[in-house]
Amino acid sequence: MNFKTIIVQEKYIDETKQGEAFAIAERPENSKKLFLESYGCQMNFSDSEIVASILNEQGYNTTLKVEEADLILLNTCSIREKAEQTVRMRLSQFKNLKKEKPNMTVGVLGCMAERLKTKFLEEEQLVDLVVGPDAYRDLPNLLKETEDGRDAINVILSKEETYADINPVRLGGNGVTAFVTITRGCDNMCTFCVVPFTRGRERSRDPHSIIKECQDLLNNGYKEITLLGQNVDSYLWYGGGPKKDFDKASEMQKATAVNFAQLLDLVAKAVPEMRIRFSTSNPQDMSLEVFRMIAKHDNICKYVHLPVQSGSNNMLLAMNRQHTREEYLDLIKKAKEIVPDIAFSQDMIIGFCNETEQDHQDTLSLMKEVEYDYGYMFAYSERPGTPAHKKMEDNIPADVKQKRLAEVIALQGELSRKRMESYVGRHHQVLIEGISRKNKNQWKGRNSQNAVCVFDMLEGQKIGDIVDVFVYGNTQGTLLGRTAE
């Protein structure tokens, strides 16, 4: 069973597969071609839009045909080992292509760029250009270095960079939904995670620039935004700088600081015609005030992706998650009291170091108690440079990991079907995002709880419309509906 196709209901690119390339409308005056391929999380795709904007000003139009590119860039992910293997294979293909076009430049961006800079440039000689996630403004200078025959690298992590003043070029997409990045980096230091080392310390973006970007998207016909960050709940703007330095801020800065709940309130009021989502959340930073904002504003969707990683306190402690099982369940309980029809999804790591059968059973029991709509579930694979890799033994046999993962996937499948059934017999406001892949005569969209719904097209309907849909049935991962009369 391919669990992702069943229980993952939002756009999510699996970083274990080939990345996704996008193109934008060409500027007639631009003479060079950029092939830009992205892997991994939503943050990477958002960053690619920033890169495209910077290079569009430098004379590059994007292309979907790699063979006509003057510049090839891979925006990479370092979360799982399979992703790195895939990118290496892709780079090998480009290396062969470069023999035919010696003037072609090949570069690696993002998390792998920071972590594997020496290997890419010196040992394997796969690329000409290596740029970390905080150095995209330096791309024009770095490209000049490659034109002069030198390898170019900038992987310096910043405590300030948020790209707040750059208007991202919207790559591909449906013209209806868009990402708006509000934070960069992460301070949490979960033992399994490489993000703090590849994306740096956590810092937040000026709320005024966030609101302006949202208003610009509204003016350009977009109907839904997702506020994006490694940890959006930790958003804290006090005039700039890392969140860890907030205690050094002036009394005036502290008094006028904006937290995530306040930002949600500002955005919801600024663009009342737009749907608002956010991702990703962290239980330790999530406040009840955020759920009160969801209840207060009709345009904030009633859905939260709230990764837990494990249902076992032993594993949560080993992972350096700053919450317990009990605290997580209490947060879920109170959230459901504030927003009764809220939906949750999860991230789960199976087979972390020293995980016992009882730890595994604790995960299953937590899932049953929360009743997630869907989730992202993976067997643990250690990442070089993380605390777990340095200090813990990856000692759960592969066959045990796979057995436990299969049980988690099977349970989530049952829970997903149960949750989908709970939406049947009700009316839902569904934003039309595109045409169903299985039936060209049906629309595909999502309700407030992020559940995918398909329904027959009617004359006069178009992508971007919000339609009142009566749901009469469901599959494990999809709602079946018809336009309400």
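**View 1. Helix 14 and helix 16 (residues 398–422) pack at an angle of about 10 degrees, with axes 10 Å apart.** Welcome to a predicted model, in which local features need pLDDT of at least 70, side-chain atom pairs count only at pLDDT 80 or more, and totals for chains, interfaces and linings use all residues. Residues are numbered from 1 along each chain as its sequence is written, and side-chain values use heavy atoms, with hydrogens and water left out. Helices (H or I, at least four residues) and strands (E, at least two) are DSSP runs numbered from the N terminus. Axes are lines fitted to C-alpha atoms, for helices over the stretch in contact, and angles run from 0 to 180 degrees between N-to-C directions. Helix 14 and helix 16 are therefore roughly parallel to each other, a label for angles under 35 degrees (over 145 is roughly antiparallel, 65 to 115 roughly perpendicular, and the rest oblique). On the helix 14 side, Glu357, His360, Leu364, Met367 and Lys368 meet Arg404, Glu407, Val408, Leu411, Gln412 and Leu415 of helix 16. Sorted by class, this contact of helix 14 with helix 16 has five nonpolar, two polar and four charged residues. Ala, Val, Leu, Ile, Met, Phe, Trp, Tyr, Cys and Pro count as nonpolar, Asp, Glu, Lys and Arg as charged, and the others, Gly among them, as polar.

**View 2. Helix 13 (residues 325–338) packs with helix 14 (residues 357–370), their axes 11 Å apart.** The angle between helix 13 and helix 14 is about 10 degrees, and they are therefore roughly parallel to each other. Look for Arg325, Tyr328, Leu329, Ile332 and Lys336 of helix 13, which meet Asp362, Ser365, Leu366, Glu369 and Val370 of helix 14. By class, five nonpolar, one polar and four charged residues make up the contact of helix 13 with helix 14.

**View 3. Cys41, Cys77 and Cys111 carry the UniProt annotation "binding site", from an unreviewed entry.** These cysteines span 71 residues in sequence, yet no two of their C-alpha atoms are more than 10.8 Å apart, so they gather at one spot. UniProt positions follow the numbering used here, feature names are shortened, and annotations may be inferred rather than shown by experiment. Cysteine 41 sits in the loop between strand 2 (32–38) and helix 2 (42–56). With a relative accessible area of 32%, cysteine 41 is partly exposed; buried means under 20%, exposed over 50%, and partly exposed in between (1.4 Å probe, protein chains only). Cysteine 111, in helix 4 (residues 111–115), is buried at 6%. Neighbours within four places in sequence aside, cysteine 111 is in contact with Thr76, Cys77, Ser78, Thr198 and Arg199, where contact means heavy atoms within 4.5 Å.

**View 4. UniProt (unreviewed entry) also places a "binding site" feature at Cys186, Cys190 and Cys193.** Cysteine 186 lies in the loop between strand 9 (183–184) and helix 7 (195–199), and cysteine 193 is found in the loop between strand 9 and helix 7 as well. Cysteine 186 counts as buried at 10% relative accessibility, and cysteine 193 is buried at 17%. Apart from neighbours within four places in sequence, cysteine 186 is in contact with Val195, Pro196, Gly200, Arg201, Glu202 and Gln230. Methionine 189, in the loop between strand 9 and helix 7, has a positive phi of about 55 degrees although it is not a glycine.

**View 5. The structure holds zero disulfides.** A disulfide is counted for a pair of cysteine sulfur atoms within 2.5 Å. For cysteine 190, which is in no disulfide, the nearest cysteine sulfur is that of cysteine 193, 6.2 Å away. Cysteine 301 is in no disulfide either, and its nearest cysteine sulfur, that of cysteine 214, is 13 Å away. Cysteine 190 is buried, with a relative accessible area of 7%, and cysteine 301 is buried at 3%.

**View 6. Glutamine 284 and threonine 280 share a loop between strand 14 and helix 11.** This loop falls between strand 14 (275–279) and helix 11 (288–296). The peptide bond from serine 279 to threonine 280 is cis, with omega near 5 degrees. Glutamine 284 counts as partly exposed at 29% relative accessibility. Glutamine 284 and histidine 323 are 39 residues apart in sequence and 5.6 Å apart in space, C-alpha to C-alpha. Setting aside neighbours within four places in sequence, glutamine 284 is in contact with Asn188 and Gln322.
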